[in-house]
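Here's a walk through this one, going from a single residue out to a strand and then to the packing around it. Have the viewer open and follow along.

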Amino acid sequence: MKFIADLHIHSRFSRATSRTLEPELLSYWARKKGISVIGTGDFTHPAWFSELEEKLVEAEEGLYRLRPDLLETVDTRLSQSCPSSTRFILSGEISCIYKKNGQTRKVHHLILMPDMSSARRLNDRLSLAGNIASDGRPILGLDSRDLLEMTLEASERAFFIPAHIWTPWFSLFGSKSGFDSIEECFEDLTGHIYALETGLSSDPPMNRLISALDKYILVSNSDAHSPGKLGREANLFDTALSYGDMVGA
């Protein structure tokens with residue numbers, strides 16, 4: 001089946017985001033825009049993670065939907081032409097600020113997790129590295145390579161995507177604080193990177209001019225800071241509706 005997925009969003013616990021960011025309104029706006037799968041955003045934040053555990057129930061493998069009573073409330077606000085339900089996939093963005101090879105690096109990463117228990121394991125590890133309750137997108141003094149290692153130790157099915165790779169200050173290829181190659185950033189774990197996020201500041205045709213990116217899937221997401229901004233960029237999948245099939249694609 002073909003469907004639209006927006007994997008990178010935020011909760012109300014991230015800086016400069018709308019206070020209306022809650023699962024119910026995210027589901028409402030996703031359905032209004034025809035988006036079948038949205039990231040939860042910010043699963044590393046303890047309060048948001050607790051809310052996700054309370055309000056979401058398992059749907060297809062690795063995907064979640066609103067609790068039935070909450071879903072019924074959303075249904076009453078939508079026309080019959082809107083999709084019947086939206087799925088959530090556990091996602092979060094982490095800001096790594098650290099020194100490597102004599103330079104200060106500031107790199108953001110998008111992480112997808114296959115289930116709540118895996119996300120909880122990663123959260124427990126990250127809480128030892130810094131204050132993950134300070135922001136929905138926590139700032140940690142972790143080397144990107146080490147964050148990737150922690151993520152894979154939490155779950156070998158986790159999916160790690162360098163975020164908005166051309167943003168000058170906070171990305172893998174950022175001109176102000178990034179790297180000149182993927183290998184310099186991830187070293188021996190580079191083989192575990194399969195996708196790169198173009199971000200709102202570039203597009204796939206621009207990225208495809210660079211041969212070093214040829215073996216990577218390019219994804220793009222809204223990085224929404226309010227429910228109404230969902231889907232301003234998104235991904236078109238043609239696969240079964242499950243975490244495994246999406247990651248496989």
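Let's start at alanine 224, which sits in the loop between strand S10 (217-219) and strand S11 (235-238). Keep in mind that this is a predicted model. Is that alanine buried or exposed? Alanine 224 has a relative accessible area of 1%, and anything under 20% counts as buried, so alanine 224 is buried. Who does it touch? If you skip its neighbours within four places in sequence, alanine 224 is in contact with His8, Ile9, His10, Lys229 and Leu230. You can also pick out glycine 41: the two residues are 183 apart along the chain, yet the C-alpha atoms of alanine 224 and glycine 41 are separated by 9.3 Å.

Now move over to strand S5, residues 87-100. This strand is mostly covered, with 12 of its 14 residues buried. Which strands does S5 pair with? One of them is S2 (residues 37-39), which runs parallel to S5 and is joined to it by 3 bridges. Within that pairing, isoleucine 38 has phenylalanine 88 of S5 as its bridge partner. Another is S7 (residues 139-140), also in the parallel sense, over 2 bridges; here cysteine 96 stands opposite leucine 140.

Then there's S6 (residues 103-113), which runs antiparallel to S5 and is joined to it by 11 bridges. Glutamate 93 stands opposite leucine 110 of S6. The two strands S5 and S6 form a hairpin with 2 residues between them, and if you check the backbone torsions in that turn, asparagine 101 has a positive phi of about 55°. As you scan along these strands, remember that in a regular strand the side chains alternate between the two faces of the sheet.

That brings us to the packing. The largest nonpolar core has 56 residues, and the members touching the most other members are Met113, Leu126, Leu172 and Leu196. S5 gives the most to this core, with 5 residues. Apart from it lies another core, of 16 residues, including Leu7, Phe237, Leu241 and Tyr243.

To get a feel for the larger core, zoom in on leucine 172. Not counting residues up to four places away in sequence, leucine 172 touches Val107, Pro162, Ile165, Gly178, Phe179, Ser181, Ile182, Cys185, Phe186 and Leu196. One name on that list, Leu196, is also among the residues that touch the most other core members.

Notes. Residues numbered from 1 in each chain as written. Predicted model: local features only at pLDDT ≥ 70, side-chain atom pairs only at ≥ 80, totals over all residues. Heavy atoms only, no water. Buried < 20%, exposed > 50% of the residue type's maximum accessible area, 1.4 Å probe, protein only. Helix = DSSP H or I, 4+ residues; strand = E, 2+ residues; numbered from the N terminus. Pairing = 2+ DSSP bridges. Core = buried A, V, L, I, M, F, W, Y, C linked by side-chain atoms within 4.5 Å. Contact = heavy atoms within 4.5 Å.
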